[in-house]
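Reader: I have a model open and want to learn to read it. Can we go feature by feature?

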Amino acid sequence: MITSSANGKVKQVMNLAKKAKARKETGLFVAEGLRMFKEIPRDRIDSLFVSESFLKNPEGRKLIGPLAFEAVADDVFKTMSDTTTPQGVLALVKQYAYTIDDILDRPGPALLMILDTIQDPGNLGTILRAGEGAGITGVIMNDTTADIYNPKVIRSTMGSVCRVPFVYTAALPQTLANLKKRGVRLYAAHLEGRNNYEKEDYTVDTGFLIGNEANGLSSETASMADAYVKIPMMGKVESLNAAVAASVLMFEAARQRRN
């Protein structure tokens, strides 16, 4: 049993939880908690850590099954944890690797979320989670968007990070131009939108452009849109949270495709 927070494996977990650079160099990310542990494909688990309290629970032992694990003293596990109330199970998981072709070469019309410098981990995680529910085929992000392997993002996805393909791009405008060449129609939620969002046709290959929480879409990204759409507001509200706006658009596309 690991009984010291000075243990090298404990330090590795803490480093991966805090530093995007460490995650990139190792190709691993931290997934903590019962829900995430249940969602992770077993062949992607690099190493597993469980607290002594978790091991004393028969249900915990049953859940681990034949997997190899490191037992960790409760006080040390709390040091490793990124949460206030640890659930006693934490895995280091092999990262996913997708390409644009992986996202586009899927059955049926594409439904893409294209993110321009989304900074809030909760927003990014929620967009993946809601996106899976709405049936999106992938997420494309510029490299100034938050790290999808940030533990806060991972928790917010509630497992969707294991199922929704995603890519980062260092050249978003070029990527958008390539998408347009392949027949993807791009929509930007914008105050200058011509039509309310529900008036457009999202049953064809579609991409929604979602901008930064504070500044919205960059002018360069917005200029790539085939159409601006608006989400009509009542009261004195001028705009929506990025994840909420994304969800409104995604589920309208899902509604149209069901019909």
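Reader: Which side chain does the side chain of Asn 142 join in a polar contact?

Author: First, a caution: this is a predicted model. In it, the side chain of Asn 142 makes a polar contact of 3.1 Å with that of Asp 116.

Reader: Where is Asn 142 placed, in which strand?

Author: Asn 142 belongs to strand E6, residues 138-142.

Reader: Is Asn 142 buried or exposed?

Author: Compare the relative accessible area with the cut-off: buried means under 20%. Asn 142 has 8%, so it counts as buried. Leaving aside neighbours within four places in sequence, its contacts are Leu 115, Asp 116, Thr 117, Tyr 168, Thr 169 and Leu 172.

Reader: What does Leu 115 touch?

Author: Residues up to four places away in sequence are not counted here. Leu 115 touches Leu 124, Ile 127, Val 139, Ile 140, Met 141, Asn 142, Thr 145, Leu 172 and Ile 210.

Reader: How should I read a nonpolar core?

Author: Start from the general idea. In soluble globular proteins, nonpolar side chains tend to be buried together. Here, the largest nonpolar core has 53 residues. Met 113, Leu 115, Leu 124, Val 139 and Ile 148 touch the most other members. Helix H12, residues 242-258, gives this core its largest share, 8 residues. Another core, of 18 residues, lies apart from it; Ile 114, Val 184, Ala 188 and Ala 225 are among its members.

Reader: Now a helix. Which residues of H10 are buried?

Author: H10 spans residues 172-181, and Leu 172, Thr 175, Leu 176 and Leu 179 are buried there.

Reader: Why do they sit on the same side of H10?

Author: The general idea comes first. An α-helix has 3.6 residues a turn, so residues three or four places apart point the same way. In this helix, the buried residues cover an arc of only 100° around the axis, which puts them on the same side of H10.

Reader: What does the face turned away from that buried side carry?

Author: That face of H10 carries the exposed residues Gln 174 and Lys 181. After H10 comes Gly 183, with a positive phi near 95°.

Reader: Last, a strand. How many residues of E1 are buried?

Author: In E1, residues 28-32, 5 of the 5 are buried, so the strand is largely enclosed by the rest of the structure. Check both sides. Leu 28, Val 30 and Glu 32 point one way, Phe 29 and Ala 31 the other, and all are buried.

Reader: Which strand pairs with E1, and in what sense?

Author: Strand E4, residues 89-94, pairs with E1 in the antiparallel sense over 5 bridges. Opposite Phe 29 stands Val 93 in E4.

How values were computed:
Residues are numbered from 1 along each chain as its sequence is written. This is a predicted model: local features need pLDDT of at least 70, side-chain atom pairs count only at pLDDT 80 or more; totals for chains, interfaces and linings use all residues. Side-chain values use heavy atoms; hydrogens and water are left out. A nonpolar core is a set of buried Ala, Val, Leu, Ile, Met, Phe, Trp, Tyr and Cys residues joined through side-chain atoms within 4.5 Å. Buried means under 20% relative accessible area, exposed over 50%, partly exposed in between (1.4 Å probe, protein chains only). Helices (H or I, at least four residues) and strands (E, at least two) are DSSP runs, numbered from the N terminus. Contact means heavy atoms within 4.5 Å. Two strands pair if DSSP finds at least two bridges between them. A polar contact is a pair of N or O atoms within 3.5 Å; within protein, one must be able to donate a hydrogen and the other to accept it, and residues adjacent in sequence count only if both atoms are side-chain atoms. The arc is that of the directions from the helix axis to the C-beta atoms.
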